[in-house]
Amino acid sequence: MGITYTPKSRNRDGRYLVSVKEYTQYHRDGYLIVRGLLSKEDIDRLYDLAERTRAGSIKPKETTSSYQPEDEENKDPLKAEFVQQTRVHMVSRLDATAEWGMLHPRILDVTEAIIGPDVYALQSMMFLNPPGRGGQGWHQDSYYIKTHPDTMIGAWIALEEVDEDNGCLWVVPGSNHEPIYPPEGYGGGNVHALDAFKDLKAVANVSHLDDEVNTLSKVVANYPPPIPVPMKPGDVLFFHSHLFHRSFPNRTADRYRRSYVCHYCNARSWIPWDHDGYEGETGNYRQILARGRTHLPYAAPAFGTEVYLSEADDESDSVRMMGMEDGMMMPVVQKKEQ
Ligand SMILES: O=C(O)CCC(=O)C(=O)O
């Protein structure tokens, strides 16, 4: 009865079925670690993508790096490339494997269950984090990417062993229930309704590594100590876009921290965002519809990666609640007109 969604993935071999426990844990704590979600073969492909990115064969349109060269004597071209590029944004718009990774069916199985059934794939980032580099201070992802309604989720894919030494993620369990702390001057209205809160304080220098400078750390301090999330290749951390999280620079001398991080949201959300700088009415038409369906604009995968969308004729009879004479509410099925 009502609208049922029957994605083709339903009968797919290897479909990941989320448990009710995982669903409730995600919504309670703001994150869910699915161990071994991706196979060794999958990780090999994404690791190779990381290496091609590192070697510069995938040219980013824009690079985010906090690196200031200190060691000009370092003549290793790969290392030089590495230290400049701790992260490369939107590789999925540049490379077929990156698009495949972002639209990996087992990752979409989880996002479909947690924030779906209709799912947009929004963003991909390849992290390289060479020795001594990388790290991002406390932040909430919806501070940067707004979706209305606010439904965003991140998927953090470990491409190699990550731990406290090479800069794993740290999370504050339960902080997903916090509102988004806005920058100064927005009155709380950049995600939530303007002035909807009486005491939502602005924060400064979000994502700065130094807790003295990044004032979101003062809210983090209201919680029990944050916890590190060590992971093995193939493990995927799903995290809520309001969750307080951070990473530290890679403090090893000889290890890297390669990870592939993608963001998704419910495909019924309006998204005034597109990474490539589109400033118009909506960025929805740039976002890939990855599962389900939507009444909003969307993009198809640029490299032809298969996605499992709902068919329009999945709609079946609808149901409405009718008040009965005895005061009870009863569901009444309305037959779909042929
Ligand atoms: O992996 C990292 O170092 C930071 C990633 C992160 O915080 C994010 O994607 O929101």
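Colleague: Which residues have the most contacts inside the largest nonpolar core?

Modeller: Tyr120, Ile157, Phe238, Tyr264 and Ala290. That core has 72 residues. Keep in mind that this is a predicted model.

Colleague: And which strand gives the most to this core?

Modeller: Strand S4, residues 119-127, with seven residues.

Colleague: Any general reason why nonpolar side chains would be buried together?

Modeller: Just the usual tendency: in soluble globular proteins, nonpolar side chains tend to be buried together.

Colleague: Let's pick Phe238. What does phenylalanine 238 touch, leaving out residues up to four places away in sequence?

Modeller: Tyr26, Tyr31, Leu32, Val34, Val110, Ile114, Ile153 and Ala155.

Colleague: Phe238 points out of S9, right? Which residues of S9 point the one way and which the other?

Modeller: Val236, Phe238 and His240 go one way, while Leu237 and Phe239 go the other. Both sets are buried. Strand S9 covers residues 236-240, and five of its five residues are buried.

Colleague: How does S1 pair with S9?

Modeller: Antiparallel, over four bridges. S1 is residues 31-34. Within that pairing, leucine 32 has phenylalanine 238 as its bridge partner, and Leu32 is also among the residues that Phe238 touches.

Colleague: What about S6 and S9, how many bridges there?

Modeller: Five, and those two strands run antiparallel as well. One pair to look at is tryptophan 156, whose bridge partner in S9 is leucine 237.

Colleague: Switching to the ligand. What surrounds it?

Modeller: The shell consists of Phe127, Gly134, Gln136, Asp141, Gly154, Leu169, His245, Ser247, Ser259 and Val261. Strand S10 (245-247) and strand S11 (259-266) are the elements that give two or more residues to it.

Colleague: How does that shell split by class?

Modeller: Three nonpolar, six polar and one charged.

Colleague: OK, backbone oddities. Where are the cis peptide bonds you'd show me, say the one at proline 117?

Modeller: That bond goes from glycine 116 to proline 117, with omega near 15°. Proline 117 sits in the loop between helix H5 (105-115) and S4. Another cis bond runs from histidine 148 to proline 149, where omega is near -5°. Proline 149 is in the loop between strand S5 (136-139) and strand S6 (153-158).

Colleague: And what's phi at asparagine 129?

Modeller: Near 30°, which is a positive value in a residue other than glycine. Asparagine 129 belongs to the loop between S4 and S5.

Colleague: Is asparagine 129 buried or exposed?

Modeller: Buried: asparagine 129 has 24 other C-beta atoms within 10 Å, and the cut-off for buried is 20 or more.

Colleague: Now serine 207. What's phi there, and where is the residue?

Modeller: Phi of serine 207 is near 80°, again a positive value in a residue other than glycine. Serine 207 lies in the loop between strand S7 (169-171) and helix H6 (216-220).

Colleague: Why does serine 207 count as partly exposed?

Modeller: Because serine 207 has 16 C-beta neighbours inside 10 Å, and partly exposed falls between 12 or fewer for exposed and 20 or more for buried.

Colleague: Last bit, the whole protein. How many helices and strands?

Modeller: Six helices and 15 strands. Of the 338 residues, 41% are buried.

Colleague: And of the contacts between residues at least 6 apart in sequence, what share joins residues at least 24 apart?

Modeller: 74% of them.

Conventions. Residues are numbered from 1 along each chain as its sequence is written. This is a predicted model: local features need pLDDT of at least 70, side-chain atom pairs count only at pLDDT 80 or more; totals for chains, interfaces and linings use all residues. A residue is near a molecule or strand if its C-beta atom, placed from the backbone, lies within 6 Å of it. Ala, Val, Leu, Ile, Met, Phe, Trp, Tyr, Cys and Pro count as nonpolar, Asp, Glu, Lys and Arg as charged, and the others, Gly among them, as polar. Two residues are in contact if their C-beta atoms, placed from the backbone, lie within 7 Å. A nonpolar core is a set of buried Ala, Val, Leu, Ile, Met, Phe, Trp, Tyr and Cys residues joined through C-beta atoms within 7 Å. Two strands pair if DSSP finds at least two bridges between them.
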